[in-house]
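Please find below some notes on the model, set out as numbered points. They are best followed with the sequence and the coordinates open side by side.

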Amino acid sequence: MSKPVIIMWFRHDLRLKDNPALFHAVDIAQNTIVDGVKAKVLPIYIQDDTAPSQAQPGGASKWWLHQSLTSLSTSTESSLQLFSGEPLAILQALMAEHNVTHVLWNRCYEPWQIARDSNIKTQLKQHDVEVLSCNGHLLWEPMQVLKKDNTPYKVFTPYYRKGCLTRTEPRYPQSMDLSIDWCTSNSATRIELADLGLLPDIHWYGSIEKMWQPGEQGAADRLATFIAGASRQYREDRNIPAVTGTSLLSPYLHFGEISINTVWYALKDAYANDPENEHCDTYLSELGWREFSHYLLFHFPHIPTENFNSKFDTFIWRNDPQDLHAWQRGQTGIPIVDAGMRELYQTGYMHNRVRMIVGSFLVKNLLVDWRAGERWFWDCLLDADMAANSASWQWVAGSGADASPYFRIFNPILQGEKFDKEGEYVKHYCPELRKLPPKFIHKPWEAPSNILQACDVVLGHNYPKPLVDLKVSRQRALETFAKSKEDALHANT
DNA sequence: TGAAATGTTGGGGCG
DNA sequence: ACGCCCCAACATTTC
């Protein structure tokens, strides 16, 4: 009998530390000896061709994944084997090649992944392979958090306070000092990283490379930096886009390069002697929002494409392609919006406060369907995440669970003056405005012509005139919303 | 995790 | 001294 092999199928858990499935895999390997031969762990990653196109990673995300797989390959002593195709077929091919006794993974919670995995589990068990799935991605399992009437929460605060915080504490991260006996034999169907085609043909990611260090070490460094620094002023600083006031952990969390439990308890432990610390609590509640969006996607699997609140189905979007294009390229003529959209395009990231501002502007001032914004973010964000992205866009649009009411329309000028007082952030991404004084940095169209001239700004030439009048488009949004409400009422009677 | 419109209060200028 | 108006500053309501 050939050597027993335990497959560790890495998905959105590209790490060795605090990885429950891997922990179990190693544990099983230690205790599985067949004919005197000890089992080994075969680490694999599969690029799933069967994923719906909606869920195929976007451009920025693919770049990140490429780097992360490189990093994981190194930390598994080059044992990581890559595949592309249909996961079930690939696993079956591996079972034909090796004496596979177990397959392990950490659960993913997107609806299509749940369907895929439960099918694979059924099939593999019929072939006498043990399958074990673990929770390595969430603090609380979505199916376990329900209201008293056994229905899911739809509002964040009770979900988080009652549903999560009063429940059993999340699992404390495991430290594993077992050395891992990786399986080194190469499968015939494996492919090389380059063959996954994750890197674009054009080298557009130069500036991204300088800012980010994907992989498990990069994640640990980032967390340590956050705890030592920004976490101490988090509640206020997180809103200031010119300051690094946030954790910047989102892409790492999306790909599981650090476990959510590690982050949760790192904060708790760092503030153990100050358990009421408002900065710490605010940050933990942000992790709660991440949790909530996964929870919503689990219980309401249609949220990536359908309005959570079906009353929005009668809403008539303008969907002007030129407006959408100007927004995507950061050419709306509204400085804070353009700065945000340029940050996104250039760096694969956008500050959270600015995400809300640009989202509100697209959906309300331009009346473009939130799904168009969701798609653009999906393609451009390094941290693109199905759950967070769709839940957040629906939140901004007003169509989501516990969404901001439709009439809550951000005024990008006021938001800019509040959170980017001196215009530092705007000037960084809109250098053509860098000479403008703070008074006009968020509304150059109101600057007297002599000031514009002195600042080398020629509206309509080196910086666009505003795409819409903020007051008029705000009013238009409110009227459109009122009309859709009326139409929904009619449709019902 | 809004902003604008509207309401209220209180101090100061002024007849 | 007093009432009146104005309007900032703040609070509340409405969208």
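1. The model is a predicted one, and a convenient place to begin is aspartate 385, which sits in the loop between helix H15 (370-380) and H16. Because 24 C-beta neighbours fall inside 10 Å, where 20 or more are required, aspartate 385 counts as buried. Aspartate 385 and histidine 254 are 131 residues apart in sequence, yet their C-alpha atoms are 6.4 Å apart in space.

2. The next element to look at is the open sheet of 5 strands, whose order is S5-S4-S1-S6-S7 and whose pairing is parallel. Strand S5 (81-85) and strand S7 (130-134) stand at its edges with a single partner strand each, so that one side of each has no neighbour in the sheet. Direction ignored, neighbouring strands are turned against each other by 25 degrees on average. Helix H1 (residues 20-31) packs on this sheet and touches strand S1 (4-10), S4, strand S6 (99-106) and S7, while its direction makes about 155 degrees with that of S6.

3. Strand S4 (residues 40-48) deserves a closer reading, since it has a partner on either side; in general, strands of a sheet pair through backbone hydrogen bonds, either parallel or antiparallel. The support for that reading is as follows: S4 and S5 pair in the parallel sense over 5 bridges, and 6 bridges join S4 to S1, again with the two strands running parallel. Within these pairings, tyrosine 45 has leucine 82 in S5 as its bridge partner, whereas the bridge partner of isoleucine 6 is valine 41 in S4. Strand S4 is also mostly covered, with 8 of its 9 residues buried.

4. S4, H2 and S5 together make a right-handed β-α-β unit. The 17 residues of helix H2 (residues 59-75) should span 24 Å at 1.5 Å a residue, and the separation of 25 Å between the end C-alpha atoms agrees with this. Among the buried residues of H2 are Trp63, Trp64, Leu65, Leu69 and Leu72, but also Lys62 and Gln67. Just after H2, glutamate 77 takes a positive phi of about 55 degrees.

5. Which residues touch the most other members of the largest nonpolar core? They are Ile6, Ile7 and Met8, in a core of 126 residues. Helix H16 (residues 386-397) gives the largest share of this core, namely 8 residues. If neighbours within four places in sequence are left aside, isoleucine 7 is in contact with Leu42, Ile44, Leu94, Val100, His102, Val103 and Leu104. In soluble globular proteins, nonpolar side chains tend to be buried together.

6. Two loop residues merit a check of their backbone angles, given that most residues other than glycine have a negative phi. Aspartate 35, in the loop between strand S2 (33-34) and strand S3 (37-38), has a positive phi of about 50 degrees although it is not a glycine. Aspartate 35 is exposed, because 8 other C-beta atoms lie within 10 Å and the limit for that class is 12 or fewer. Asparagine 319, in the loop between helix H11 (278-299) and helix H12 (321-328), likewise has a positive phi, near 50 degrees. With 13 C-beta neighbours inside 10 Å, asparagine 319 counts as partly exposed.

How values were computed: Residues numbered from 1 in each chain as written. Chains lettered and ligands numbered in written order. Predicted model: local features only at pLDDT ≥ 70, side-chain atom pairs only at ≥ 80, totals over all residues. Helix = DSSP H or I, 4+ residues; strand = E, 2+ residues; numbered from the N terminus. Expected span 1.5 Å × (residues − 1). Pairing = 2+ DSSP bridges. Axes fitted to C-alpha atoms, helices over the stretch in contact; angles between N-to-C directions. Contact = placed C-beta atoms within 7 Å. Core = buried A, V, L, I, M, F, W, Y, C linked by C-beta atoms within 7 Å. Right-handed = clockwise from strand over helix to strand, strands pointing away.
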